[in-house]
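Trainee: I should like to work through this structure with you, one feature at a time. Shall we place the model on view and begin?

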Amino acid sequence: MSNPKSKFNVAVVGAGIAGLSCATRLQALGFQVQVYEKSRGPSGRMSTRNGDGWSADHGAQYFTARDPLFIEALNTWIKAGVAAAWHPRLNVYEANQWHESTSKDSRYVGVPAMNSPGKYLADKLSIECNQTIDKIYQQHGKWFLHSLESGDITQSFDYLVLAIPAPQASALAKSVDHSMEAFCSSVHMQGCWTLIARLSEKANIPFDAAFINNEIISWISKNNSKPGRTGQETWTIHANPQWSQQWIELDKEEAKQLILESAKKLGLDCAKAEIAIHRWRYASGAIHAEMGFIFNADSKLSLCGDWLNGGRVEGAWLSGYQLASAINISATTLNP
Ligand SMILES: Cc1cc2nc3c(=O)[nH]c(=O)nc-3n(C[C@H](O)[C@H](O)[C@H](O)COP(=O)(O)OP(=O)(O)OC[C@H]3O[C@@H](n4cnc5c(N)ncnc54)[C@H](O)[C@@H]3O)c2cc1C
C-alpha cells in the first residue's frame, strides 16, 4: 500500500542541525523531502575546518543534552561513532584570576569532528549543496524556489521549511509573508570573531578549555583534547559576542591582532602559530520566548532553527523535530 504522506513534497532550506533534524523526521514520517544548502557541505554552524594534518571546530564547541528526545538522538549518534562525551579540564578566568570550573554539565562533541553528526544525518537525505535559495514564491498552492547558482528549481513543493538564521529567513520571507518577515527581522543575532591557532610546539597550558569573563575573548579550547582528534595542536579562540558584534566590520587583520593580544595576556602566546580567522555574522541570539518553531498552516511556510528555541545545538535539533511533527499533523488533516 502506498504511503499517503509520500504524496507531499517538502523543501527544506538550510542543512544545519535544525534543517537536518526536520528533514530526517519528515522522511521517517513518509514525506518526500529535498534539502537545499548554500555551503559546500552540511552542518551549518556545527562546523569544522581542516588542513594538511590539522582540524579545528570553529563554530559550536560542544553541546549538552537534556531533553529525552534529543538524548535518544544523541545515543544513536554515539552508537554510530559520530559523537562522544568530552571531559575537558575546564577553567574560568575572571577578575584577573584563574580557577577550575565547578560546572557539572555533561558535554558532547561530534567525532571525529563537530560536523560529523550533521554528515551522518545528511547521508540518509537528498541534499543539494552549493544552492543558495534567493527567492521563494507560491503559485496555485505550491511552493517554488529560485537558486542563485542554478536559477529556477523545476520541482514544486507542498510545504516549505526555512531552517536558516533569522536575518536570512527575513530576506526570503520578504516577498511572500510580511508578518513573518517583520518577526524575523525583529530578532537580534550577534556575530562572533573566531581564531584558529595552529601551534608549531605544544602549548604548556594546564587546561583544555576555558570560559573567559570580561575580556575580548570569551572562550578558548584545545581541539586535540576532544575525542577522535589527531594531528597538529590547534586552539579555537572565540571573541565575546558583544565585542564581536561591535567590531564585526573590522578588517580581519585588525581583529586578529586584537584577539591575539588578548590571548597573550591570558597565557596563550600565538607568536609562532599559524592563524586563521573567521567572521561569523550570525553566530548566536534567540527570541526570548522559546516558540520552538513557526508554522503557517494556510500557506504551509514554516521556520525552524536555534534562534526559535534557546539558541544552541540541542534547541536547534528540537526545533526541527517539533516542526516536522506539526507538518505531519497538518498533512494528516489534509489527507487523513
Ligand atoms: C562561534 C560559535 C560558537 C558556538 N558555540 C556553541 C556551543 O558551544 N554549544 C552550542 O550548543 N551551540 C553553540 N553555537 C550555536 C550552534 O552552533 C547553533 O545553535 C546551531 O548549530 C544552529 O543550527 P541551525 O540549524 O539552527 O542553524 P545553522 O547551523 O546556521 O544552519 C543554517 C544553514 O542554512 C544555510 N543557509 C543559510 N541561508 C541559506 C540560503 N538562502 N539557501 C540555502 N542555505 C542557506 C547555512 O549555510 C547553514 O548551513 C555556536 C555557534 C557559533 C557560530
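Trainee: In what order do the strands of the open sheet of six strands lie?

Mentor: This is a predicted model, and the answers that follow should be read accordingly. Pairing in the open sheet of six strands is mixed. The order of its strands is β9-β2-β1-β13-β20-β19.

Trainee: Which are the edge strands of that sheet?

Mentor: An edge strand is recognised here by pairing on one side only. That description applies to β9 (127-128) and β19 (294-296).

Trainee: Which residue of β20 is the bridge partner of Phe295?

Mentor: Strand β20 covers residues 301-303 and is joined to β19 by three bridges. The two strands run antiparallel. Within β20, the bridge partner of Phe295 is Ser302.

Trainee: Is Lys300, with its positive phi, buried or exposed?

Mentor: Lys300 lies in the loop between β19 and β20. Its phi is about 65°, although the residue is not a glycine. Buried means a relative accessible area under 20%. Lys300 has 18% relative accessibility and therefore counts as buried.

Trainee: Is Asn214 buried or exposed?

Mentor: Asn214 is found in the loop between β15 (209-212) and β16 (217-222). It too is a residue other than glycine with a positive phi, near 60°. The cut-off for exposure is a relative accessible area over 50%. With 75%, Asn214 is therefore exposed.

Trainee: Which peptide bond ending at Pro112 geometry deserves note, and what is its omega?

Mentor: Most residues other than glycine have a negative phi, and most peptide bonds are trans. Pro112 sits in the loop between β8 (107-110) and α3. The bond that runs from Val111 to Pro112 is cis, with omega near 5°.

Trainee: How many residues of β14 are buried?

Mentor: In a regular strand the side chains alternate between the two faces of the sheet. On one side of β14, Gln190, Cys192, Thr194, Ile196 and Arg198 are all buried. On the other side, Gly191, Trp193, Leu195 and Ala197 are likewise buried. The number of buried residues in β14 is thus nine of nine.

Trainee: Which residue of β18 stands opposite Cys192?

Mentor: Strands of a sheet pair through backbone hydrogen bonds, either parallel or antiparallel. Eight bridges link β14 to β18 (residues 274-284), and these strands run antiparallel. Opposite Cys192 in β18 stands Trp280.

Trainee: In β17, which residue is the bridge partner of Ile196?

Mentor: β14 also pairs with β17, which spans residues 234-239. That pairing is antiparallel and extends over five bridges. The β17 partner of Ile196 is Thr236.

Trainee: With the side chain of which residue does the side chain of Thr194 make a polar contact?

Mentor: Thr194 belongs to strand β14, residues 190-198, and is buried with a relative accessible area of 1%. Leaving out residues up to four places away in sequence, Thr194 touches His58, Thr236, Ile237, His238, Ala276, Ile277, His278 and Trp280. A polar contact of 3.0 Å joins its side chain to that of His238.

Trainee: Is Thr64 buried or exposed?

Mentor: Thr64 is located in the loop between β4 (54-57) and α2. Beyond its neighbours within four places in sequence, Thr64 is in contact with Phe70, Asp105, Ser106 and Glu314. Its side chain also forms a polar contact of 3.3 Å with the side chain of Arg66. Because its relative accessibility is 17%, Thr64 counts as buried.

Trainee: Which helix gives the most to the lining of the second largest pocket?

Mentor: Four helices each supply at least two residues of this lining: α1 (17-28), α2 (68-80), α3 (116-122) and α8 (313-334). The most, five residues, comes from α2.

Trainee: How do the residues of that lining divide into nonpolar, polar and charged?

Mentor: The second largest pocket holds about 270 Å³ of space. Its lining has 13 residues, and Thr24, Ala73, Thr76, Trp317 and Tyr321 lie nearest its centre. By class, the lining residues are eight nonpolar, three polar and two charged.

Note on methods
Residues numbered from 1 in each chain as written. Predicted model: local features only at pLDDT ≥ 70, side-chain atom pairs only at ≥ 80, totals over all residues. Heavy atoms only, no water. 1 Å grid on protein atoms, 1.4 Å probe; cavity = no way out; pocket = protein on both sides within 12 Å on 5 of 7 lines; lining within 4 Å. Points joined across faces, edges and corners; volume = space filled by probe spheres on them. Nonpolar A, V, L, I, M, F, W, Y, C, P; charged D, E, K, R; others polar. Buried < 20%, exposed > 50% of the residue type's maximum accessible area, 1.4 Å probe, protein only. Polar contact = N/O pair within 3.5 Å; in protein donor to acceptor, adjacent residues only side chain to side chain. Contact = heavy atoms within 4.5 Å. Pairing = 2+ DSSP bridges.
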